Amino acid sequence: FLGMFASKGEGPGEFQWIEHLVILPGDTIVVGTWRKQAWFASSGSLEREALTDVEKFRGLGRWGECETHLLPDLSMISCQQDSTVPFTETNRPSRLVSQGMSSPGPGLLRQLRRQHRIPISMDTTYPLGIDIGIEQQMIDLGGEMHTSVIHPFHARSALAAGGTPMRIVSATNPHWEIEVRSATGELLQIIRRDGGRRAPTAAERAAADSALRRPDGYVSERDPVLRDRVLAAVITPDSLPGHSTVHVTPRGEILSRHFSLWESPAPSLFDVFDAEGRWLGTLRLPPRFRLIEVGDDYLLGLQFDDDDVATLQVFGLER
């Protein structure tokens with residue numbers, strides 16, 4: 001352990017939470033949220049910080065909820081409403097139901113929004129692929145009352161960037177497809193894999209059912225009767241998402257992690273593709289391993305034990 005920086009607070013170099021961490025050449029470390037970013041030297045000393053011009057950001061479009069990303073060039077990814085994306089049975093808008101409350105109604109829900117890259121100058125945006133939001137099942141509780149459940153097999157979109165020149169890689173999910181785009185949003189390549197999704201095993205179904213029934217699990221209802229009604233209405237997806245996470249190496253290779261339950265004792269599997277999209281093989285890493293960074297000759301990540309205690313691990317990488 002060498003030191004600590006970016007502590008919790010409201011002052012210079014302090015945050016209530018951190019969404020992003022980017023390491024720049026020379027070991028400068030940038031951390032922050034979409035509202036605030038801070039630059040630290042490798043010693044941990046604060047070099048400078050910047051606040052997002054919120055009004056300028058809002059003037060660039062109709063922004064919607066999605067996961068934000070800070071890319072290696074310190075541009076940002078966020079999502080906008082897109083009128084060219086049609087509404088469907090799963091991509092449906094919320095509607096006013098009663099007493100000022102709104103709901104998209106019962107059924108599987110994927111609210112699609114267009115990802116946009118916003119450069120540091122904030123003078124324009126570059127439209128990218130589609131983000132599915134938080135895949136969830138809306139359940140009718142009677143009348144105008146609905147609740148949402150995120151099943152352990154539900155997916156979120158995955159995104160990463162890297163290489164020279166920088167390429168942006170996104171996996172929309174739940175199907176198996178990777179889109180590769182330039183920094184200005186040009187679609188360079190689509191990588192698809194037949195049979196990339198698979199049906200959950202009996203053990204995975206049992207583990208998911210157990211997770212749904214935990215008091216601190218996926219179902220928020222605390223009333224036992226209401227909780228049983230919700231659990232009885234939850235539909236288990238018939239296949240697992242195509243991707244868990246994606247990563248891009250400095251050389252432009254792509255790593256896509258196979259989907260698995262976090263509690264699973266199975267190895268963490270990563271499909272590896274070269275910069276042209278050719279499949280090279282599958283990396284097998286320990287269970288409950290979270291990949292953080294891929295270098296020229298190493299893999300860096302966090303290994304979690306059964307108590308969710310993390311250990312930093314580095315693996316040598318032979319090409």
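These legends go with a set of close-up views of a predicted model.

**View 1. The cavity and its lining.**
Just one cavity of 30 Å³ or more turns up in the structure. The largest cavity comes to about 40 Å³ in volume. Look for Arg257, Ser260, Leu261, Trp262, Ser264, Ala266, Pro267, Ser268, Pro287 and Arg288 around it, since these residues line the largest cavity. Sorted by class, that lining is a mix of five nonpolar, three polar and two charged residues.

**View 2. Trp262 and the company it keeps.**
Trp262, one of the residues lining the largest cavity, is partly exposed because its relative accessible area is 27%. Arg290 sits over the face of Trp262, at 5.4 Å from the ring centre. Trp262 also pairs with Phe304: the ring centres are 5.4 Å apart and the planes are at 70°, so this pair is edge-to-face. Trp262 belongs to the loop between β19 (254-257) and β20 (268-273), while Phe304 belongs to strand β23 (residues 298-304), so the pair ties together parts that are 42 residues apart in sequence. Phe304 itself counts as buried, at 13% relative accessibility.

**View 3. An aromatic cluster.**
Across the whole structure, a search picks up five aromatic pairs. One of them is Phe57 with Trp63: with ring centres 4.5 Å apart and planes at 10°, the pair is stacked. Add Trp34 and you have the full set, as Trp34, Phe57 and Trp63 make up one aromatic cluster. Is Phe57 buried or exposed? Phe57 is buried, because its relative accessibility is 6% and the cut-off for buried is under 20%.

**View 4. A lysine over a ring.**
Here the ring is that of Phe15, with Lys36 lying over its face. The distance from Lys36 to the ring centre is 5.0 Å.

**View 5. Gly64 and its contacts.**
Gly64 is part of strand β5 (residues 63-70). A relative accessibility of 15% makes Gly64 buried. Which residues does Gly64 touch, leaving aside neighbours within four places in sequence? Cys79, Gln80, Gln81 and Arg113 are in contact with Gly64. For Gln81, the C-alpha to C-alpha distance to Gly64 is 5.9 Å, although the two are 17 residues apart in sequence.

**View 6. Two cis peptide bonds before proline.**
Most residues other than glycine have a negative phi, and most peptide bonds are trans. The bond from Thr164 to Pro165 is cis, with omega near -5°. You'll find Pro165 in the loop between β14 (158-162) and β15 (167-171). Asn173 and Pro174 are also joined by a cis peptide bond, this time with omega about 0°. Pro174 lies in the loop between β15 and β16 (177-182).

**View 7. Positive phi at Met122 and Asp308.**
Met122 isn't a glycine, yet its phi is positive, at about 55°. Met122 lies in the loop between β10 (113-118) and β11 (126-131), and counts as buried at 11% relative accessibility. Asp308 isn't a glycine either, and its phi is positive too, at about 65°. The loop between β23 and β24 (310-316) is where Asp308 is found. Is Asp308 buried or partly exposed? With 45% relative accessibility, Asp308 counts as partly exposed.

Methods: Residues are numbered from 1 along each chain as its sequence is written. This is a predicted model: local features need pLDDT of at least 70, side-chain atom pairs count only at pLDDT 80 or more; totals for chains, interfaces and linings use all residues. Side-chain values use heavy atoms; hydrogens and water are left out. On a 1 Å grid over the protein atoms alone, a cavity is a set of points where a 1.4 Å probe fits but cannot get out, and a pocket is an open set with protein on both sides within 12 Å along at least five of seven lines; lining residues have an atom within 4 Å of a point. Grid points are joined across faces, edges and corners, and a volume is the space filled by probe spheres set on the points. Ala, Val, Leu, Ile, Met, Phe, Trp, Tyr, Cys and Pro count as nonpolar, Asp, Glu, Lys and Arg as charged, and the others, Gly among them, as polar. Rings of Phe, Tyr and Trp (its six-membered ring) pair if their centres lie within 6.5 Å; planes under 30 degrees apart count as stacked, over 60 as edge-to-face and the rest as tilted. Buried means under 20% relative accessible area, exposed over 50%, partly exposed in between (1.4 Å probe, protein chains only). Helices (H or I, at least four residues) and strands (E, at least two) are DSSP runs, numbered from the N terminus. A charge sits over a ring if NZ of Lys or CZ of Arg is within 6 Å of the ring centre and within 35 degrees of the ring normal. Contact means heavy atoms within 4.5 Å.
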